[in-house]
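These are my notebook entries on one structure. I recorded how its strands pair and how its helices pack.

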Amino acid sequence: MQTLRERIEKGDFMSEMKFQTSRSGGAGGQHVNKVESKVQLFFDLDNTMFLTEEEKTLIREKLKNKITDEGLLQIQAQEKRSQLQNKEIAIRKFYKLIQKSLAKKKARKPTKPGKGAVEKRLKSKKSQAEKKANRSWKY
C-alpha cells in the first residue's frame, strides 16, 4: 500500500474531487457582484477508493464538523479574487486536513522534574513567603 504522501503526489484524489463556484462575499465592489470566485470543494468520503476503511474512520472522527450528512467532506476558499487561485487554495487545504487527521499522535512519556527545577521552585516559594512575611506589622 502506498503512503498518503505518495497518493497525494500522484494525484489520486483529484479525480474524486467535485468543485462548485459561487459569488464571494465581502468587500470588492462591483467585481464581487459579477464574478463567481468562491470555490467549494466536495470529497465523497464514503465512496472513495483511495482511502482504507480505517483511514476513513479516522477522518470522520477528526473532521466531523466539516463532513455533511451525506458523507461529503466540504472545504471552501474565497480569499483571493481569482477562481483558479481559490481552487488551488481549497485543494491545499484538503490535503493539509487529510494529512493532519491521519497523522499519528506522539505518545507522551511521563517524566519527573529534575533536581535543579525542584530546588529552583522551592527557592522561589521561600523568597515569596519571606516577601509576604515582611509586609506585616510587627510589635
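**Entry 1: The sheet**

I began with a single bridge and found that Ser22 has Lys38 of β2 as its bridge partner. I noted that the model is a predicted one. I then looked up the strands that this bridge belongs to: β1 and β2 run antiparallel and are joined by 6 bridges.

Next I followed β2, residues 38–44, to its pairing with β3, which is also antiparallel and has 6 bridges. Here I recorded Leu73 of β3 as the bridge partner of Phe43.

I could then write down the whole sheet: it is open, holds 3 strands and has the order β1-β2-β3. I marked β1 (17–22) and β3 as the edge strands, since each pairs on one side only. Neighbouring strands are turned against each other by 20 degrees on average, with direction ignored.

**Entry 2: The faces of β3**

I reminded myself that side chains in a regular strand alternate between the two faces of the sheet. Which residues of β3 are buried? In residues 72–77, I found Leu73, Ile75 and Ala77 buried and pointing to one face. Leu72, Gln74 and Gln76 point to the other face and are not buried.

**Entry 3: The helices**

I turned to α4, residues 83–102, and saw that this helix lies across β1, β2 and β3, at about 135 degrees to β3.

I then examined how α3 (residues 53–62) packs with α4: the angle is about 105 degrees and the axes are 9 Å apart. I therefore entered the two helices as roughly perpendicular, as the angle falls within 65 to 115 degrees. From α3, the contact involves Glu55, Leu58, Ile59 and Lys62, and from α4, Ile98, Ser101 and Leu102. I classed these contact residues as 4 nonpolar, 1 polar and 2 charged.

How values were computed:
Residues are numbered from 1 along each chain as its sequence is written. This is a predicted model: local features need pLDDT of at least 70, side-chain atom pairs count only at pLDDT 80 or more; totals for chains, interfaces and linings use all residues. Side-chain values use heavy atoms; hydrogens and water are left out. Buried means under 20% relative accessible area, exposed over 50%, partly exposed in between (1.4 Å probe, protein chains only). Helices (H or I, at least four residues) and strands (E, at least two) are DSSP runs, numbered from the N terminus. Two strands pair if DSSP finds at least two bridges between them. Axes are lines fitted to C-alpha atoms, for helices over the stretch in contact, and angles run from 0 to 180 degrees between N-to-C directions. Contact means heavy atoms within 4.5 Å. Angles under 35 degrees count as roughly parallel, over 145 as roughly antiparallel, 65 to 115 as roughly perpendicular and the rest as oblique. Ala, Val, Leu, Ile, Met, Phe, Trp, Tyr, Cys and Pro count as nonpolar, Asp, Glu, Lys and Arg as charged, and the others, Gly among them, as polar.
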